[in-house]
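Work through the exercises below with the structure open beside you. Try each task before you read its solution.

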Amino acid sequence: MGSYFVSKRGRIMKTIYTCFCTDIIHEGHMNILREAAKYGRVVVGVLTSSQMMLYNRFPTKTTEERVEMICDIDIVDEVIVQKAIMYDDVIGEIHPDYVIHGDNWNGEWMQRIRRNIVSLLEPYGGKLIEVSFTKSPEITRIDRLMEQKLAMPEFRRHRLRRVMELTPIVKTIEVHSGLTGLIAERTQVVDEKSITQYDAMWISSLCDSTAKGKPDIELVDMTSRFHTIDEVMEVTTKPIIFDGDTGGLTEHFVYTVRTLERMGVSAVIIEDKIGLKKNSLYGTEAGQTQASIEEFCEKLRAGKNAQLSDDFMIIARVESLILEQGMEDALSRAFAYRDAGADGIMIHSRQKSPDEILKFCDKFRESDKDTPLVVVPSSFNTVTEDELVAHGVNIVIYANQLLRAAFPAMQKVAKSILKYHRGAEADDDLMSIGEILGLIEQL
Ligand code: SPV
Ligand code: MG
């Protein structure tokens, strides 16, 4: 038997536990609680924000606010914080006689959680009570509203800063269309104990240009780049980091900052180059020119002065290692840009080995523990997220992989159709029509 409580009338009461992962209490939750109260003392676990975000239900309230919200419900006897998605710790601690849950165990991940609960209850005779999931137009409406709230500019913009507080490293994937946005929004990998998904999206100048068949030389104008952002925003909720190239003329950059903020973009990264910008991965072969520290600081200061919200970030990208100017130059620029108001530093390299990037991060962290560091491991792609965390990196950007994956896949199918004069041979490489229709949810 689990731990027990004695009611005011001297009756021994059993304990029933449920975990809530919600920002809002609706009829469905109340049904679960009313059912729970029939079995005994109702203990509700509030899932922490860092765990809740793994579920694709990014919290619009803090863990503390959600605890308060549950405490206010009369029928609830006790509220605790559940710190992991799996129930091992919580069941180990409170040994409930029952766990109660809706019967909506949708998908592989929820099934794992169910198995986890049953296996923990079984050894001591605890039981899982499954109540039928409440479906109503009102609940559907509330769920939709919560999701739409996440997409609103004020909320989305602030979300990058929140994610940085909640996770050791912000995993960011390149997107360049509504469809790639959906992949960033929905892709999950499930293992025994947890789920992993992307935390943020990167609108890359390279991929945004390449997807339009154009070179990455600031040729695709800002209006078109904003259109890509808008397309992505229409179908996603995750925060966006925008590749602002050089930021253009300072007189133009201040307008860009305002527009990005207003749209709900969380951060812009601008690089310290002048003249005709070429992609960094060309390195010194492309004859690119680095801006002087003074002029780049001036652009950063102007951007920060133009900014109206508290949460938008202007991140300075140091190109010294790309342009072979050495570690000392990279570090002195990084500190100067930070002092000019940059909210973070991106350090880039095109070496195969991550050594120079990790060395930069270590040296930067010797005197600055707080300013966010961003890296883009396109060339040094063997480095792991854990290694980056150990060297003080806050945001990792997988800057071009989706586009590079799509091109060979499309080319292969295009060739197959030409070769066989029909589509059948390409079928094994294709998503079914059913899957593609199901991918796009109807509103
Ligand atoms: C981009 O994705 O456009 C970047 C990163 O700026 S890199 O291509 O590595 O320069
Ligand atoms: Mg770029």
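**Exercise 1. A helix with two sides**

This model is predicted. Task: find which residues of helix 3 (residues 63–71) are buried, and explain how they are placed around the axis.

Solution.
- Step 1. Pick out the residues with under 20% relative accessible area. In helix 3 the buried residues are T63, R66, M69 and I70.
- Step 2. Look down the axis. These residues cover an arc of only 120°, so they lie on the same side of helix 3.
- Step 3. Recall the geometry. An α-helix has 3.6 residues a turn, so residues three or four places apart point the same way.
- Step 4. Check the other side of helix 3. There, E64 and E68 are exposed.
- Step 5. Find the packing partners. The buried residues of helix 3 pack against strand 3 (15–20), strand 4 (41–47), helix 2 (49–52) and strand 5 (78–82).

**Exercise 2. Around the barrel**

Task: state the order in which the eight strands of the closed barrel run.

Solution.
- Step 1. Follow the pairing, which is parallel. The order is 8-11-12-13-16-17-18-19.
- Step 2. Add the twist. From one strand to the next, it averages 25°.
- Step 3. Take the pair of strand 13 (residues 267–271) and strand 16 (residues 313–318). Five bridges join these parallel strands. I269 has I315 in strand 16 as its bridge partner.
- Step 4. Add a helix. Helix 12 (residues 293–306) lies across strand 13 and strand 16, and runs at about 170° to strand 16.

**Exercise 3. A covered strand**

Task: decide whether the two faces of strand 8 (residues 170–174) are covered or open, and find the partners of this strand.

Solution.
- Step 1. Count. Five of the five residues in strand 8 are buried.
- Step 2. Sort by face. In a regular strand the side chains alternate between the two faces of the sheet. V170, T172 and E174 are buried on one side of strand 8, and K171 and I173 on the other, so both faces are covered.
- Step 3. Pair with strand 19 (residues 395–398). Four bridges link it to strand 8 in the parallel sense. T172 has I397 as its bridge partner there.
- Step 4. Pair with strand 11 (residues 200–203). Three bridges join it to strand 8, again in parallel. I173 stands opposite M201.

**Exercise 4. The ligand**

Task: list polar side-chain atoms that lie by an oxygen atom of ligand 1, with distances.

Solution.
- Step 1. Name the surroundings. Residues around ligand 1 include W202, S204, S205, D243, N279, R317 and H348.
- Step 2. Read the distances to an oxygen atom of ligand 1. A polar side-chain atom lies 3.0 Å away in S205, 2.8 Å away in D243 and 2.9 Å away in N279.

Definitions and conventions:
Residues are numbered from 1 along each chain as its sequence is written. Chains are lettered from A and ligands numbered from 1 in the order in which they are written. This is a predicted model: local features need pLDDT of at least 70, side-chain atom pairs count only at pLDDT 80 or more; totals for chains, interfaces and linings use all residues. Side-chain values use heavy atoms; hydrogens and water are left out. Two strands pair if DSSP finds at least two bridges between them. Axes are lines fitted to C-alpha atoms, for helices over the stretch in contact, and angles run from 0 to 180 degrees between N-to-C directions. Contact means heavy atoms within 4.5 Å. Buried means under 20% relative accessible area, exposed over 50%, partly exposed in between (1.4 Å probe, protein chains only). The arc is that of the directions from the helix axis to the C-beta atoms. A residue is near a molecule or strand if one of its heavy atoms lies within 4 Å of it. A polar contact is a pair of N or O atoms within 3.5 Å; within protein, one must be able to donate a hydrogen and the other to accept it, and residues adjacent in sequence count only if both atoms are side-chain atoms.
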